[in-house]
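Q: I'm new to reading protein structures, and I'd like a close look at one part of this one. Could you pick the core, take me through it slowly, and then show me how some other spots compare?

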Amino acid sequence: MNIGDEDVIRLLIFCIEITYQMFEGGTKATVTQKGFRERRRTFESILVDQFVGKLGEIMVKKFFEEKFFTKIELDWEISRQIEKYRNDIVNAKKKVSIKTSPSLGGVWAEADLGYDYGISVKSSVPQPTLLQFFIEVCGFSRLLDFAEIKIPSSDERFKNYLREMRNRIKNYKCGEIQTKLKGFIQGYFKTSEYKPVKEGQTLQYLGKVRETRYLVPINELRYTLEDWRRFLNEIGLLRK
């Protein structure tokens, strides 16, 4: 899946807008990193976290549409309130949590309390994400054009910087989307089959649990096509 995909473009716009709203106080979400109350996150770090977190939802959507011809509706609403148990798959009859991590080494799948199912996804995105978008949709080259007009030709230092920057992106044709987003859907679990892990407990390879939630070893996830068919049937989305 490349960054020119319709849903990925929606994702970028969604992440920029929700991050702006967080900084402007338009949502109850916080710009302070959870678990480190004194550490205020930057705009870009929040945007990337939002992007990675929801990218897995798009990958799950594409997977179900391709393999099972099932219509999946994702939650694109930006709410002023922090609503617990919002369904990541809006049209599902059960509460589904889709968690995405950029860390390929994690061994735990998770879901917050209040959900019926948890889906675990691993994904990788280009760094820096926002800059890569602007390079490939011509925004970055237009910035360089503007800078060349504004900066006097006698300023050799900055003219050299601009030349180096153009050279760095010369392999990207304006409007030609090249960057691919990769991900791996590890599987899912039913929360009714597990007990929540309490806050303060220590788990191997994870450390101290900062919030009570479901944590399941990834080797216990269900992942076969028949498993996914059963999952879609249980949440009321399998087409007859």
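A: Let's start with the whole protein, move into its core, and then visit a few other places.

First, some ground rules: this is a predicted model, where local features need pLDDT of at least 70, side-chain atom pairs count only at pLDDT 80 or more, and totals for chains, interfaces and linings use all residues. Residues are numbered from 1 along each chain as its sequence is written, and side-chain values use heavy atoms, with hydrogens and water left out.

The protein has six helices and seven strands. Those names come from DSSP runs: helices are H or I with at least four residues, strands are E with at least two, and both are numbered from the N terminus. Walk along the sequence and you meet them in the order α-α-β-β-β-α-α-α-β-β-β-β-α. The C-alpha trace spans about 70 × 45 × 35 Å along its principal axes. Of the 240 residues, 38% are buried. Here buried means under 20% relative accessible area, exposed means over 50%, and partly exposed is in between, using a 1.4 Å probe and protein chains only.

Now for the core. A nonpolar core is a set of buried Ala, Val, Leu, Ile, Met, Phe, Trp, Tyr and Cys residues joined through side-chain atoms within 4.5 Å. The largest one here holds 37 residues, and the members that touch the most others are Phe51, Phe64, Ile119, Trp228 and Phe231. Helix H1 (6-24), H2, E1, strand E3 (117-124), strand E4 (182-190) and helix H6 (225-234) each give two or more residues to this core. H2 gives the most, with 11 residues.

Zoom in on Phe231. Skipping residues up to four places away in sequence, Phe231 touches Phe64, Val96, Tyr117, Ile119 and Tyr188. A contact, by the way, means heavy atoms within 4.5 Å. Among contacts between residues at least 6 apart in sequence, 62% join residues at least 24 apart.

Phe64 also leads us to Phe69, which is in contact with Phe64 and Arg239 once neighbours within four places in sequence are set aside. Phe69 sits in the loop between helix H2 (43-68) and strand E1 (96-101). Phe69 counts as exposed because its relative accessible area is 60%. The C-alpha atoms of Phe69 and Leu238 are 8.6 Å apart, though 169 residues separate the two along the chain.

Tyr117 turns up in another place too: Thr191 touches Tyr117, along with Ala111, Tyr115, Asp116 and Tyr214, leaving out residues up to four places away in sequence. Thr191 lies in the loop between E4 and strand E5 (202-203). Its relative accessible area is 5%, so Thr191 is buried.

Follow Ala111 and you reach strand E2 (residues 108-111), where Ala109 and Ala111 form the covered face, while Trp108 and Glu110 form the uncovered one. Four bridges join E2 to strand E7 (residues 214-217), and the two run antiparallel; DSSP must find at least two bridges for strands to pair. In this pairing, Ala111 stands opposite Tyr214.

Last stop: Met165, in helix H5 (residues 156-168). Met165 counts as partly exposed because its relative accessibility is 27%. Leaving out neighbours within four places in sequence, Met165 contacts Phe140 and Leu144.
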